[in-house]
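Okay, thanks for squeezing me in. Let me put the protein up on the screen, and then I'll walk you through the parts I wanted to talk about.

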Amino acid sequence: MGIEKNYRRSVNHNYMILRPEFPCINDYRITMVMNCNIKNLLNMDVEYIDEVVEFIYDISNLKNIGGFYERKKMKYSELLTLFKSIINVVEDGESYLLRIEDILFDMEYVYVDERNEKVLFCYCPQADIDGDFNNNFRRFVQEIVLSTDHTDGKAAELIYGILEICNREDFLMKDIRDYMNKMEGAYPKRTVRQINYETIRSESREKEKNKEHPIIAEENEDSYKSIFENDNIKMGKGKKKRIVEVVKEAFGIKEAENENKEHKDKVIASKNKRQEMKHPHETDERDDMTMLLSQKEYRDVLVDVRKKENIELEFFPCVIGKDGERVDKIIREQSVSRVHLKVYNQGDDYYVEDQNSTNGTFINDEMLDPFQKYVINNGDTLTIADHEYIFKHM
């Protein structure tokens, strides 16, 4: 998929600009999308500049789902909303004679409206001339797996059921819709015991005490294991390994007893390293210990110009905003967006990326375009909406 992507911020609006490698000019699909107000599609405009076609989308008040569900994962109700929206936009697109391959099923191009959590998709004509919808959509579902809250049993069952459907060579949206209807309705009688996630969790806790593996319903172990034995799923080894780990965690699928000792040693070493550089969302028994304030030394701090509350940057990337469930550092101010910005560290360099905030982010009075990394230096003024901070690197 050859697309050049840029962002632009005006006084009252934020825009995403796409330039496909092989754009269509004066195509009926452009007129169709611009004039028909198709449900669940981003509003699109088009500009022709020296034979270069730009498709412009208004993304004001929107967050791409990759960022929106980075900290707070998707629950069952949110997954239902997402996949119902997917079914709607695909079926509506087909009814308007649009190429569904041109709907960009990618975490960066699917947006959520912060105000009502409505899901919106980007249609880019001729975005992928030789695209295979099923393969593209399968990859998208694999990404959704990693953004799902696996402590929510129904959410886990829903997403892995959909992923299993996507394993089929010629699956249809109808297959996914039927499966979702089944999830929402009454469950048919099973030949194996009915899944009870509370029972599974209780069994898991009890078995953990005895250092035994948890037990799950047999048909689910076979079903979810089979997802990764199908060669039709094309993904990198790292991603596949991560999804396998997530499946085991969600459904208690026991690991092989003859694990390689060298692999165990690597896992233990990695765990020890994570304990040394622990992210605030991770906890262990040491969290209850009291640390003297004089022992806390932070090299990177956003110093509040109003002298109210500094923001200490203990790790990177650090997400800042007012929604405590979605960010690492909270600014409790109405003018700040729920997920406002990220601060990155790469070597000796530091970067700020506005997350398509409503009231903007500024470095030394320069307004930042959304989703673009900007260098921030020691002593620079960082303005988050209308709140000023000085970046200090100790």
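**A walk through the model**

I'll start at a proline: Pro317 sits in the loop that runs between S9 and strand S10, residues 318-321. The peptide bond joining Phe316 to Pro317 is cis, with omega at about -5°.

Before going on, a word on confidence. This is a predicted model, and the mean pLDDT of the protein is 78, with 69% of the residues reaching 70 or more. Two stretches drop below 50. One is residues 186-195, and beyond near neighbours in sequence that stretch has 21 contacts in the model. The other is residues 256-260, with 1 contact counted that way.

Back to S9, then. Which sheet does S9 belong to? S9 is in an open sheet of 6 strands, and the order is S9-S8-S18-S17-S14-S15, with antiparallel pairing. The edges are S9, which is 311-312, and S15, which is 366-367, and each of them pairs on one side only. S9's partnership with S8 is antiparallel and runs over 2 bridges. If you want to find it on screen, look for Val301, which stands opposite Glu312 in S9.

Stay on S8 for a second, because I like Asp304. Strand S8 covers residues 300-304, and Asp304 lies in it. Is that aspartate buried or exposed? Asp304 has 4% relative accessibility, so it counts as buried. The side chain of Asp304 reaches the backbone nitrogen of Glu309 at 3.1 Å. Setting aside neighbours within four places in sequence, Asp304 is in contact with Glu309, Asn310, Glu388 and Tyr389.

At the other edge of that sheet, have a look after S15. Phe371 is in the loop between S15 and strand S16, residues 373-375. Phe371 has a positive phi of about 60°, and it isn't a glycine. With 14% relative accessibility, Phe371 counts as buried.

There's another residue like that, so let me jump to it. Glu117 isn't a glycine either, and its phi is positive too, at about 60°. Glu117 is in the loop between strand S6, residues 111-113, and strand S7, residues 119-120. This one is partly exposed, because its relative accessible area is 28%.

Now the N-terminal sheet. Here 4 strands make an open sheet in the order S1-S2-S4-S3, and the pairing is antiparallel. Why do S1 and S3 each have a side without a neighbour in the sheet? Strand S1, 3-9, and strand S3, 44-49, are at the edges with a single partner strand each, so one side of each stays free of a neighbour. On average, neighbouring strands in this sheet are turned by 25° against each other, ignoring direction.

Further in, strand S2, residues 14-20, pairs with strand S4, residues 52-58, in the antiparallel sense over 4 bridges. A handy landmark there is Met16, which stands opposite Tyr57 in S4. Helix H1, residues 28-36, packs on the sheet and touches S3 and S4, and its direction makes about 135° with that of S3.

Coming out of H1, you hit Leu41, in the loop between H1 and S3. Leu41 has a relative accessible area of 9%, so it's buried. What is Leu41 in contact with, leaving aside neighbours within four places in sequence? The list is Val33, Val89, Leu98, Leu120, Phe121 and Tyr123. And here's a distance to check: Leu41 and Gly93 are 52 residues apart in sequence, and their C-alphas are 9.3 Å apart in space.

On to the cores. The largest nonpolar core has 67 residues, and Phe83 and Phe137 have the most contacts inside it. Not counting residues up to four places away in sequence, Phe83 touches Phe137, Val141, Ile144, Ile159, Ile162 and Met180. Apart from that core there's another, of 21 residues, including Ile331, Val336, Leu341 and Val343.

Last one from me: Asn134, in helix H4, residues 133-146. Asn134 is at 13% relative accessibility, so it's buried. Not counting residues up to four places away in sequence, Asn134 touches Glu169, Asp170 and Phe171.

That's my tour, so over to you.

Definitions and conventions: Residues numbered from 1 in each chain as written. Predicted model: local features only at pLDDT ≥ 70, side-chain atom pairs only at ≥ 80, totals over all residues. Heavy atoms only, no water. pLDDT = per-residue confidence, 0-100. Contact = heavy atoms within 4.5 Å. Buried < 20%, exposed > 50% of the residue type's maximum accessible area, 1.4 Å probe, protein only. Polar contact = N/O pair within 3.5 Å; in protein donor to acceptor, adjacent residues only side chain to side chain. Core = buried A, V, L, I, M, F, W, Y, C linked by side-chain atoms within 4.5 Å. Pairing = 2+ DSSP bridges. Axes fitted to C-alpha atoms, helices over the stretch in contact; angles between N-to-C directions.
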